[in-house]
Amino acid sequence: MGKVIAIANQKGGVGKTTTAINLAASLAALEKKVLIIDADPQANTTSGLNFSPDDDRHRSLYELMEGAISVEDALIQTEMSGLHMIPSHINLVGIDIEMIGEENRESVLKNAIAPIRDSYDYIIIDCSPSLGLITVNTLTAADSVIIPVQPEFFALEGLGKLLQTIRIIQNGLNPSLTIEGFVVTMFDGRTKVHQQVLAELREHFKDLVFKTVIQRNIRLSEAPSHGKPVLLYEISCSGSTNYLNLASEVLERNGDKTVQQ
């Protein structure tokens with residue numbers, strides 16, 4: 001059965017979508033079969049993989065959660081071999097209200113993707129930055145959570161609400177949910193505060209902090225405007241190397257014997 005990993009942080013601008021796209025692409029490059037689900041109404045993952053949310057308005061996560069289409073009908077082949085996507089659409093913002101009376105509304109996404117879980121090695125979900133019903137659905141469906149953290153002190157302060165939400169999910173809807181790890185993004189080793197925040201994270205969360213840090217990299221920020229993961233945009237840049245290393249760490253943590261060094 002494929003492992004479902006949510007990429008979550010309620011604070012915007014921490015590299016959540018960048019991490020979702022490029023971790024998924026890197027896992028695919030390491031010969032894993034991967035599905036990425038865009039669970040953010042802003043649909044940045046969708047556009048970042050060269051698909052317009054308006055290209056097919058009836059083939060998104062919104063329709064899937066509404067029960068209007070099957071999960072098989074929602075799947076899109078991306079430019080990268082081995083990487084499929086379920087796109088998002090701005091309509092997804094209405095799910096909280098539309099499903100308010102639904103029974104087991106927190107498990108809609110989990111149940112919707114159940115038929116295809118065995119078809120993938122990893123399912124990566126880019127969460128909404130809010131902590132509403134969509135994110136609750138994502139955390140209920142997930143086996144684990146990767147939390148991108150920008151190396152600034154305000155970012156550390158914002159982790160409390162997310163960790164509290166994860167504990168609530170663990171205590172009720174999804175007792176088996178774990179924290180896969182914290183990944184530091186937009187890191188600049190020349191900046192003292194970045195070094196300090198990284199050291200504090202490692203002191204407090206120990207081995208939960210990935211060894212790999214994602215360095216600031218112009219190619220990484222340019223790639224989404226071309227509708228490509230950074231591996232397809234500039235394979236030789238530090239962003240590509242960083243995310244391949246992160247993918248290798250994820251595979252190692254999950255006991256995968258096919259990790260390429």
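This briefing walks through a helix pair, some empty spaces and two buried residues in the structure above. Keep in mind that the model is predicted. Helix α1 is a good thread to follow: α1 meets helix α13, gives the most residues to the lining of the largest pocket and supplies the largest share of the lining of the largest cavity.

**Where α1 meets α13**

- Start with the two helices themselves: α1 covers residues 16-29 and α13 covers residues 238-253.
- Their axes come within 8 Å and cross at roughly 70 degrees.
- Angles of 65 to 115 degrees count as roughly perpendicular, so that is the label for α1 and α13.
- On the α1 side, the residues in contact are T18, T19, N22, L23, S26, L27 and A29.
- Across from them, α13 brings Y243, L244, L246, A247, V250 and L251.
- Sort the residues of this contact by class and you get nine nonpolar, four polar and no charged.

**The largest pocket**

- How big is the largest pocket? Its volume is about 320 Å³.
- The lining of this pocket takes in 21 residues, and the closest to the centre are V14, G15, K16, T18 and M186.
- Two elements give two or more residues each to the lining, namely α1 and α11, the latter being residues 218-222.
- Of these, α1 gives the most, with three residues.
- By class, the pocket lining splits into 11 polar, six nonpolar and four charged residues.

**Two cavities**

- Here's the general idea: if you roll a probe the size of a water molecule over the atoms, you find out where empty space is left.
- How many cavities of 30 Å³ or more turn up in the whole structure? The search finds two.
- The largest cavity has a volume of about 50 Å³.
- Around the largest cavity sit T18, I21, N22, G48, L220, A223, P224, K228, P229 and V230.
- Helix α1 is back again here, with three residues as the largest share of that lining.
- The lining of the largest cavity has six nonpolar residues, three polar ones and one charged.
- As for the second largest cavity, its space comes to about 40 Å³.
- Its lining is made of L49, T78, E79, M80, G227, K228, P229 and L232.
- Those residues divide into four nonpolar, two polar and two charged.
- K228 and P229 are worth finding on the model, since they line the largest cavity and also the second largest one.

**T19, a residue of α1**

- T19 lies in helix α1 and is one of the residues that meet α13.
- Is T19 buried or exposed? With a relative accessible area of 0%, T19 is buried, because anything under 20% gets that label.
- Setting aside neighbours within four places in sequence, T19 is in contact with I7, A24, P148, V183, T185, Y243 and L246.
- Two of those partners, Y243 and L246, are α13 residues.

**I124, a residue of β5**

- Now hop over to strand β5, residues 122-127, where I124 lies.
- I124 also counts as buried, at 0% relative accessibility.
- Which residues does I124 touch, not counting those up to four places away in sequence? They are I5, I7, A20, L23, A24, L27, V34, L35, I36 and I37.
- Among them, L23 and L27 also belong to the α1 side of the contact with α13.
- I7 links this story to the previous one, as I7 touches I124 and is in contact with T19 too.
- For a sense of distance, the C-alpha atoms of I124 and H58 are 22 Å apart, while the two residues are 66 residues apart along the chain.

Methods
Residues numbered from 1 in each chain as written. Predicted model: local features only at pLDDT ≥ 70, side-chain atom pairs only at ≥ 80, totals over all residues. Heavy atoms only, no water. Axes fitted to C-alpha atoms, helices over the stretch in contact; angles between N-to-C directions. Helix = DSSP H or I, 4+ residues; strand = E, 2+ residues; numbered from the N terminus. Parallel < 35°, antiparallel > 145°, perpendicular 65-115°, else oblique. Contact = heavy atoms within 4.5 Å. Nonpolar A, V, L, I, M, F, W, Y, C, P; charged D, E, K, R; others polar. 1 Å grid on protein atoms, 1.4 Å probe; cavity = no way out; pocket = protein on both sides within 12 Å on 5 of 7 lines; lining within 4 Å. Points joined across faces, edges and corners; volume = space filled by probe spheres on them. Buried < 20%, exposed > 50% of the residue type's maximum accessible area, 1.4 Å probe, protein only.
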